[in-house]
Amino acid sequence: MKLNYIILFSLFFIVSLAAGCTSSVKEEMNPIIVSQLNLTDSKKQSLTGCLQGIHQTETGENISLSVHQTLGNERELYVLYDVTFGKEIDISTENNILPDTVTLSGDNDSSFHCAGSVITIEKNAQTITYLSYFSADAKELPETVSLTVGQFKGIPSISEETQTCTWQPTNQGSILSGEITDESAATIGTVLLSPFSLKFDLNSSKQESYDNLLSSLRIVYADGSTKEVHGSVGGSSGNFPLQDIEGIVVFSNILDLSTISGILIDGHSVSF
């Protein structure tokens, strides 16, 4: 009898240990995200907490939506997803099939917006892989978010169909904030810097155009060096002289915030 107890206990211990190891398996960053965002090993390490595996699929009459991973923070998300078309739908002759609807919304009425174009990664048989960047003005992620994709207008038979995947986001990451001040130390704007983007607002500028203002942007590194800002640009401002300026630059290369001490914008220095 004692021998049986010992065997049962040993089996229980082995099963418990195996279950514990399974639950602690780390989510590995999808190679597509690594390649598209030009991530080195050190940059991947700096994004600890920013990655979430979703691995969810919703299937409709003609299309299926599969969300694989997200990368981001409380204010912005990259989402990697597939759309698979039914076998009766011929997509072999189409080279650039893009959905008219790509939205990310939250359960608390917060809404992200798609900043920049949807990136088509690859087409494999009936499946197309996309990567989208979304940003929001919210200070924290909602309890749940929903990605809705569809309305492929170039394919009449599915021109109105959409699919939605919903999940609970857990992405967390560093966001640096600072105030833009003038010569009298009065606050005239703010900046938010994450590894993925730079957001800014500015009361006014003496620059002749919004493009000139963007050209003034520099990243200041801890060693004192500076570098121009490159990436997809969005924003708006009033007519010249520039007033009520809002802008965003989504970086073409992800930043490691531990190496950055500030930014330069429109002749003003912002330290973090």
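**Empty space, aromatic rings and a small sheet**

Good morning, everyone; when the whole structure is searched, one cavity of 30 Å³ or more turns up. Please keep in mind throughout that what you have in front of you is a predicted model.

Let me stay with that cavity for a moment. Its volume comes to about 40 Å³, and the residues that line the largest cavity are Arg75, Glu76, Ile175, Leu192, Leu193, Ser194, Ser197 and Lys199. Two elements, β11 (187-193) and β12 (197-205), give two or more residues to this lining. If we sort the lining of the largest cavity by class, we find three nonpolar, two polar and three charged residues.

From the cavity I move on to the largest pocket, which holds about 350 Å³ of space. There are 16 residues in its lining, and those nearest the centre of the pocket are Asp137, Lys199, Phe200, Glu246 and Gly247. At least two lining residues come from each of β11, β12, β15 (231-236) and β16 (242-251). By class, the lining of the largest pocket is made up of five nonpolar, six polar and five charged residues.

Next come the aromatic rings. A pair of such rings is described by how far apart the centres are and by the angle of the planes. The count here is four aromatic pairs, and one of them joins Tyr78 and Phe196 in an edge-to-face arrangement, with 6.0 Å from centre to centre and 65 degrees between the planes. Which parts of the chain does this pair tie together? Tyr78 belongs to strand β3 (residues 76-85), whereas Phe196 sits in the loop between β11 and β12, so the pair links parts that are 118 residues apart in sequence. Are these two residues buried or exposed? Tyr78 has a relative accessibility of 7% and counts as buried, and Phe196 is buried too, with a relative accessible area of 0%. Together with Tyr133, Tyr78 and Phe196 form one aromatic cluster.

Finally, I would like to show you a sheet. Three strands, in the order β4-β8-β9, form an open sheet with antiparallel pairing. The edges are taken by β4 (101-106) and β9 (162-167), and because each has a single partner strand, one side of each is left without a neighbour in the sheet. On average, and with direction ignored, neighbouring strands of this sheet are turned by 15 degrees against each other. If we follow strand β8 (residues 145-150), we see that β8 pairs with β9 in the antiparallel sense over six bridges, and that Val145 has Trp167 in β9 as its bridge partner.

Definitions and conventions
Residues are numbered from 1 along each chain as its sequence is written. This is a predicted model: local features need pLDDT of at least 70, side-chain atom pairs count only at pLDDT 80 or more; totals for chains, interfaces and linings use all residues. Side-chain values use heavy atoms; hydrogens and water are left out. On a 1 Å grid over the protein atoms alone, a cavity is a set of points where a 1.4 Å probe fits but cannot get out, and a pocket is an open set with protein on both sides within 12 Å along at least five of seven lines; lining residues have an atom within 4 Å of a point. Grid points are joined across faces, edges and corners, and a volume is the space filled by probe spheres set on the points. Helices (H or I, at least four residues) and strands (E, at least two) are DSSP runs, numbered from the N terminus. Ala, Val, Leu, Ile, Met, Phe, Trp, Tyr, Cys and Pro count as nonpolar, Asp, Glu, Lys and Arg as charged, and the others, Gly among them, as polar. Rings of Phe, Tyr and Trp (its six-membered ring) pair if their centres lie within 6.5 Å; planes under 30 degrees apart count as stacked, over 60 as edge-to-face and the rest as tilted. Buried means under 20% relative accessible area, exposed over 50%, partly exposed in between (1.4 Å probe, protein chains only). Two strands pair if DSSP finds at least two bridges between them. Axes are lines fitted to C-alpha atoms, for helices over the stretch in contact, and angles run from 0 to 180 degrees between N-to-C directions.
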